[in-house]
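Trainee: Could you go through this one with me before I set anything up? I'd like to start with how the helices pack and then turn to the backbone.

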Amino acid sequence: MQHSSDTIFALSSGGLPAGVGVVRISGSEALAATKALVGALPKPRQAALKTIRTRNGLVIDRGLVLIFPAPASFTGEDCAEIHVHGGKAVVAALLKELAGIKGCRLAEHGEFSRRALENGKMDLVEIEGLADLIAAETEMQRRLAVEHAAGGLSKLYEGWADRLTRARALIEAELDFADEDDVPGSVSDLVWTDMAKLQSELSTHLAGADLGEIVRDGLKVVIAGAPNAGKSSLMNALARREVAIVTDIAGTTRDVLHVDLNIEGYAVRLYDTAGLRDTEEVIEREGIRRALKTASEADIILSLAEIGSAPQTKFDGFDGKVFRIGTKSDIHPIGGEDYDLRISSTTGAGLAELHQLLVNDLLTRSSALSLALPSRLRHRTLLAESLEALNQAVTFNAAGLDIRAEFLRQAAHSLGRITGRVDVEDLLDVIFSEFCIGK
């Protein structure tokens, strides 16, 4: 059984072999364990070159050693880092030696970060931001993750929670001490003015959840259309590699294919789907079913049709943007249909304009918003719960102040769950399982 009182250690610097391997140690025995390996410890937060030895005196390696006494460390506990050459055998020998020291054990996924949460060094939104920062692949993902990890979103939520707490306190004061001279009458009128303002702020913030999820998870762009409309050719042209098989045989694409693109710092997930048509062929029908399901979950649909044919503009379950794309402009220089864009995947005509079309859409979505955005379904769900409770408190004029104050308490409780201030123990195992061992 694992205990939070154990001293934990792990490789924190990524896959081996590498130029440098960093082993992190945290817990009450961290400094003693480090001393057993390197002798005299350096001054706090100052790197020193040391010889790392086994308990039998055999040299493991020479490397840099840093110590971070509690509480001024990532986890809030005594911590140490040993930087050695990043060979597999070197790191394995160091980890084996640490495992032999009483009270020390290998860390579990995310255990360092979980201790940082438990010791008040970071809150849950900051922890999630840190996980997203490690996983970030595009510039916008990095910027969003930095905003979260640095506490920008947490400060916003904590400010809102403080306003809700103050509002409840003033209402309860009016309820309990209405006859006292030092409690102004009708103080709740001032409270509801501020709560109405908060209601508007929270609603505007929640509206940015779509963009937050797009930045974090990628803009979902689905290429749809009839067989042989040029969907797979467009996928390959945009990806600049052979992702999908292209033939003249209708129905070649049977399943949903996807590729991740980086467009102006935004992650874009591009999906190629089966051609849409009536068919009795069982496998093709399943591909079409999957294509329609994928289209219903898209942020944007690129509806392709060979120039001269009409692209589909309505898709069941989808109410977002549909761009009508006329294809094969190299063999159809003119055509009677009305398209948003005409392209040729063979010659590249129109592809730059299509790229800009996607960029403009992303910029339009983000133009009025900062990056202090909710980016996870968990955030969106709890914000919606908080807003609903706040709406009840502000609009339920027929109810007594005690009932409306209870709605304010519920609103604050939901905000507190986002940052981990209240009642989130059931979420922690799931969240920290996403981390690597050394974080």
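**Helix packing and backbone geometry**

Mentor: The axes of helix H12 (residues 401–419 belong to its partner, helix H13) come within 8 Å of the H13 axis, and the two cross at roughly 165 degrees. Please keep in mind throughout that this is a predicted model.

Trainee: How are H12 and H13 oriented to each other, then?

Mentor: They are roughly antiparallel, because the angle of roughly 165 degrees lies over the 145 degrees that this description requires. H12 passes H13 in a left-handed crossing.

Trainee: And which residues meet there?

Mentor: On the H12 side they include Arg 378, Leu 382, Glu 385, Ala 389 and Gln 392, while those on the H13 side include Arg 404, Phe 407, Ala 411, Ser 414 and Ile 418.

Trainee: What does H12 look like by itself, in length and span?

Mentor: H12 runs over residues 377–395, which is 19 residues, and it reaches 27 Å from its first C-alpha to its last, close to the 27 Å expected at 1.5 Å a residue. Its buried residues are Arg 378, His 379, Leu 382, Leu 383, Ser 386, Leu 387, Ala 389, Leu 390, Ala 393 and Val 394.

Trainee: Why do those buried residues line one face of H12?

Mentor: Seen down the axis of H12, they fall within an arc of 165 degrees, so they line one face of the helix. The general background is that an α-helix has 3.6 residues a turn, so residues three or four places apart point the same way. On the other side of H12, Leu 377 and Thr 395 are exposed.

Trainee: Let's move to H5 and H8: at what angle do they cross?

Mentor: The axes of H5 (residues 139–149) and H8 (residues 209–217) come within 8 Å and cross at roughly 120 degrees, and that makes H5 oblique to H8. The contact is made by Met 140, Gln 141 and Leu 144 of H5 together with Gly 212, Val 215 and Arg 216 of H8, and the crossing is left-handed.

Trainee: Switching to the backbone, where is the peptide bond cis?

Mentor: A cis peptide bond joins Leu 16 and Pro 17, with omega about -5 degrees, and Pro 17 lies in the loop between strand E1 (7–11) and strand E2 (18–26). The bond from Ala 70 to Pro 71 is cis as well, with omega near 0 degrees, and Pro 71 lies in the loop between strand E4 (59–68) and strand E5 (79–86).

Trainee: Which residues other than glycine have a positive phi?

Mentor: Arg 45 has a positive phi of about 60 degrees, and the phi of Lys 328 is near 60 degrees. As general context, most residues other than glycine have a negative phi, and most peptide bonds are trans.

Trainee: Where do Arg 45 and Lys 328 sit?

Mentor: Arg 45 is found in the loop between helix H1 (30–38) and strand E3 (48–53), and it is partly exposed, with a relative accessible area of 48%. Lys 328 is found in the loop between strand E11 (321–327) and strand E12 (341–342), and it is partly exposed, with a relative accessible area of 26%.

Trainee: Last one: how many helices and strands does the protein chain have?

Mentor: There are 14 helices and 12 strands, and of the 439 residues of the chain, 47% count as buried. Among contacts between residues at least 6 apart in sequence, 61% join residues at least 24 apart.

How values were computed:
Residues are numbered from 1 along each chain as its sequence is written. This is a predicted model: local features need pLDDT of at least 70, side-chain atom pairs count only at pLDDT 80 or more; totals for chains, interfaces and linings use all residues. Side-chain values use heavy atoms; hydrogens and water are left out. Helices (H or I, at least four residues) and strands (E, at least two) are DSSP runs, numbered from the N terminus. The expected span of a helix is 1.5 Å times one less than its number of residues. Buried means under 20% relative accessible area, exposed over 50%, partly exposed in between (1.4 Å probe, protein chains only). The arc is that of the directions from the helix axis to the C-beta atoms. Axes are lines fitted to C-alpha atoms, for helices over the stretch in contact, and angles run from 0 to 180 degrees between N-to-C directions. A crossing is left-handed if the near helix is turned anticlockwise from the far one by less than a right angle, and right-handed if clockwise. Contact means heavy atoms within 4.5 Å. Angles under 35 degrees count as roughly parallel, over 145 as roughly antiparallel, 65 to 115 as roughly perpendicular and the rest as oblique.
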